[in-house]
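Visitor: I have a structure to go through and not much practice. Can we look at it together?

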Amino acid sequence: MRNQPFDAIIIGAGSVGTPLAWQLAEAGMDILVVDQYASVGQGSNKNAIGGIRATHSDPAKIRICLKSIEIFSEWHSRYGDDIGWLQGGYAFMAYRDREEKTLKDLLSVQKPYGLDIDWYDRDDLLEIIPALNPDGLLGGTFSPGDGSASPLLSALAFERRAREFGAVFKYDEPVLEILVEGSRVRGVRTPKDTYFGGMVINAAGGWAREISALAGVDVPVTPDCHEAGITEPVAPFLKPMVVDIRPVEGSANYYFYQHHTGQIIFCITPNPPIVGTDTRETSVFLPQVTRRMLEIMPCLKNIKVRRTWRGQYPNTPDGAPIVGEVEGLQGYLLAVGMCGQGYMLGPGLAVYLRQLITSQMDNDTRMIMEQLKLDRDFGKKEALK
Ligand SMILES: Cc1cc2nc3c(=O)[nH]c(=O)nc-3n(C[C@H](O)[C@H](O)[C@H](O)COP(=O)(O)OP(=O)(O)OC[C@H]3O[C@@H](n4cnc5c(N)ncnc54)[C@H](O)[C@@H]3O)c2cc1C
């Protein structure tokens, strides 16, 4: 057992905990990261398909993801690791008046935040995505600054950077207990050891609620199951992430893009949601999603699917993360409830949490922490989740 306490202990080496370890270690803090799995990013992180966008409708998410895009896009030139960053943009399709109106209404929220996004009429959109089915296409929004990267390559890169600044990663160690003395957290216990820290940060993704219960704090994070798939690689023909938000029987939106190595990666949102932590693939997913993809991109007809998988979205009642300090329990911090966007939120959130933790908050950080605090009204829902 190490007698000297860490400055902070992060529970979870996932999309959020790993970049946070890098940011805090870079700020000079003595950091321990504990994860139940054998290596970095093995929870939801590795299930993400890698989409990264700042074009949300919630101000906190917009700010955080703009910061994330800065980090993802500059990573290779700054630190040398290729994390598969591809700035292909995001395109939201409208094949019906209803989606055209929703997307155009959203622009009036998004543009004042300085987001680079616009409405493109049918022919202009077809120039950007020639493979789209033109029949019935009305147009769509396109945001060229958004993109994608590899969740596993980036988790490894963040971990490497964090280690360079002295962060310690302990794997195969599930946290069994959060040590609390009076109104202060003191550390965590795993089957192998007890670790003390001035701060314990819950970044446990889909497990956040049960981890938080160890500290006596209820956080409304409920995991639900989402499937994704990947095809064989083909020659480059599709740049943006294509998103179709039309709900149909059994599913809400679905989205896909061409990976920087040529494969098409795709994902769908089941409706109603499938609550739980079951990660077994289903026989429903492929016929459901491919039928919809072929409708808007018929040229995918002969492409071979190589693999499917299933993971979790750590959801909150209003679709926004829960972040920050918890009243009444000193030294306990939340970085949880990332829903379907934890990969894109992770690095930006780490920068803002660093500012909070090192007492260097600016106005953006204050706004973000206020919006994402645990003690908020969860009744409001974001327009574009
Ligand atoms: C199919 C699919 C596609 C997705 N696509 C995207 C996408 O394109 N873009 C995007 O931004 N997001 C996407 N997501 C969502 C994204 O994967 C999650 O929001 C994100 O990974 C959550 O990050 P996290 O750090 O909160 O959780 P995780 O990455 O799961 O990290 C939490 C960590 O906590 C650890 N942990 C839990 N309990 C304990 C314990 N008791 N002791 C120690 N460690 C513990 C876990 O092992 C895990 O490593 C997708 C998700 C799925 C399922």
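Visitor: In what order do the strands of the open sheet come?
Guide: This is a predicted model. In it, 8 strands make an open sheet, and their order is β5-β6-β4-β14-β15-β16-β13-β17. The pairing is mixed.

Visitor: Which strands are at the edges?
Guide: They are β5, residues 118-121, and β17, residues 305-315. Each of them pairs on one side only.

Visitor: And how are neighbouring strands turned against each other?
Guide: By 25° on average, with direction ignored.

Visitor: What holds strands together in a sheet anyway?
Guide: Strands of a sheet pair through backbone hydrogen bonds, and the pairing is either parallel or antiparallel.

Visitor: Back to β17. How many bridges join it to β13?
Guide: There are 10 bridges between β17 and β13, which covers residues 222-233. The two strands run antiparallel. For one position to look at, find H226, which has G311 of β17 opposite it.

Visitor: Now the helices. What does α3 touch?
Guide: Helix α3, residues 97-110, packs on the sheet and touches β4, β5 and β6. The direction of α3 makes about 140° with that of β4.

Visitor: Which strands does α7 lie across?
Guide: Helix α7, residues 285-296, lies across β4, β13, β14, β15, β16 and β17. It runs at about 110° to β16.

Visitor: Change of topic. How many cavities of 30 Å³ or more are there?
Guide: The structure has 3 of them. The largest cavity has a volume of about 40 Å³.

Visitor: What lines the largest cavity?
Guide: Its lining includes G14, N45, F72, F158 and Y343. Helices α1, α5 and α8 each give at least two residues to this lining. By class, the lining has 6 nonpolar residues, 4 polar and no charged ones.

Visitor: What about the second largest pocket, how much space is in there?
Guide: About 400 Å³. The lining has 24 residues, and K46, N47, A48, R307 and W309 lie nearest the centre of the pocket.

Visitor: Which elements give two or more residues to that lining?
Guide: They are α5, β16 and β17. The largest share, 4 residues, comes from β17, which is also one of the edge strands of the sheet. Helix α5 appears in the lining of the largest cavity as well.

Visitor: How does the pocket lining divide by class?
Guide: It has 11 nonpolar, 11 polar and 2 charged residues.

Technical notes. Residues are numbered from 1 along each chain as its sequence is written. This is a predicted model: local features need pLDDT of at least 70, side-chain atom pairs count only at pLDDT 80 or more; totals for chains, interfaces and linings use all residues. Side-chain values use heavy atoms; hydrogens and water are left out. Two strands pair if DSSP finds at least two bridges between them. Axes are lines fitted to C-alpha atoms, for helices over the stretch in contact, and angles run from 0 to 180 degrees between N-to-C directions. Contact means heavy atoms within 4.5 Å. On a 1 Å grid over the protein atoms alone, a cavity is a set of points where a 1.4 Å probe fits but cannot get out, and a pocket is an open set with protein on both sides within 12 Å along at least five of seven lines; lining residues have an atom within 4 Å of a point. Grid points are joined across faces, edges and corners, and a volume is the space filled by probe spheres set on the points. Ala, Val, Leu, Ile, Met, Phe, Trp, Tyr, Cys and Pro count as nonpolar, Asp, Glu, Lys and Arg as charged, and the others, Gly among them, as polar.
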